[in-house]
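Student: I have a fold open on my screen and would like to understand how its aromatic rings and its interior are arranged. Could we go through it together?

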Amino acid sequence: MPARKPISKSTRFEVFKRDAFTCQYCGKKAPDVILHLEHINPVAGGGGNEIMNLLTACVDCNLGKGARRLDDNTAIAKQRAQLDELNERREQLEMILAWREGLVQIDDLKIDAFNAEFEKTTNSSLNEFGRATVRKWLKKHHLNALLDALQSALDTYYKTGSTDHEENNRLAGVAFNMTVRVIASQQKYAGKPHMKDLFYVRAIVRNRHNCIDYMAIQLL
């Protein structure tokens, strides 16, 4: 007869947890009853201590079974159902990971589109920090809204035709940083379309006189 090996505490806990600390025969639960582990394929028949060969039984049900293979396939069927459930969870997890990877790829395409629009006017490309910033913006705003706001910011804050490379880079950065502020202003003044023209005039005065917004308003 094969020697009976002791079942480790970790294995006992995993089986009890899997079976919700419930006797698989009568449905009684701990702590109302003392729970044992029973071998589906008895040790006398060559069964081992693998988790799939163990199930939870209360002391009364376990003592009445003896060393014989279960005639009732309920426990085995339940374990197969649990395996099917685990497999389904694994497949769904893989699908979620694939979906998230797809979202990242879509965001990359959107960032490329934003960068192309930015580069078309400024002849400068976004660095990694800039791309990461746009990625954050995309969590709150649609691409079309960002593109419209970027164009408005470039029209307002960026001077074309200048040969001062350093100044161009500075103004490109200003326009980039103003993109989400433009969106905020558009939302704030959604019912006041004339405000867009006022902001545009203010920007013209500011750029022509090389002054800050407050001074531009004073000049107006």
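Tutor: Happy to! This is a predicted model, and a good place to begin is the aromatic pairs, where the count comes to six.

Student: How are the rings of Phe16 and Phe21 arranged: stacked, edge-to-face or tilted?

Tutor: Their centres are 5.9 Å apart, with 40° between the planes. Stacked needs under 30 degrees and edge-to-face over 60, so this pair is tilted.

Student: And is Phe21 buried, exposed or partly exposed?

Tutor: Buried means under 20% relative accessible area and exposed over 50%. Phe16, at 9%, counts as buried. Phe21 has 34% relative accessibility, so Phe21 is partly exposed.

Student: Which kind of pair do Phe114 and Trp137 make?

Tutor: Phe114 and Trp137 are both buried. Their ring centres lie 6.1 Å apart and the planes meet at 70°, so the pair is edge-to-face.

Student: Which helices does that pair tie together?

Tutor: The two residues are 23 apart in sequence. Phe114 lies in one helix and Trp137 in another, so the parts tied together are α3 and α4.

Student: Which residues form an aromatic cluster with Phe114 and Trp137?

Tutor: Phe176 touches Phe114, Phe118 and Trp137, among others. The cluster is completed by Phe118 and Phe176.

Student: Which helix gives the largest share of the largest nonpolar core?

Tutor: That core has 23 residues, and Phe114, Val134 and Phe176 have the most contacts inside it. Helices α3, α4, α5 and α6 each supply at least two of its residues. The largest share, eight residues, comes from α5.

How values were computed: Residues are numbered from 1 along each chain as its sequence is written. This is a predicted model: local features need pLDDT of at least 70, side-chain atom pairs count only at pLDDT 80 or more; totals for chains, interfaces and linings use all residues. Side-chain values use heavy atoms; hydrogens and water are left out. A nonpolar core is a set of buried Ala, Val, Leu, Ile, Met, Phe, Trp, Tyr and Cys residues joined through side-chain atoms within 4.5 Å. Buried means under 20% relative accessible area, exposed over 50%, partly exposed in between (1.4 Å probe, protein chains only). Helices (H or I, at least four residues) and strands (E, at least two) are DSSP runs, numbered from the N terminus. Contact means heavy atoms within 4.5 Å. Rings of Phe, Tyr and Trp (its six-membered ring) pair if their centres lie within 6.5 Å; planes under 30 degrees apart count as stacked, over 60 as edge-to-face and the rest as tilted. Lists of a residue's contacts leave out its neighbours within four places in sequence.
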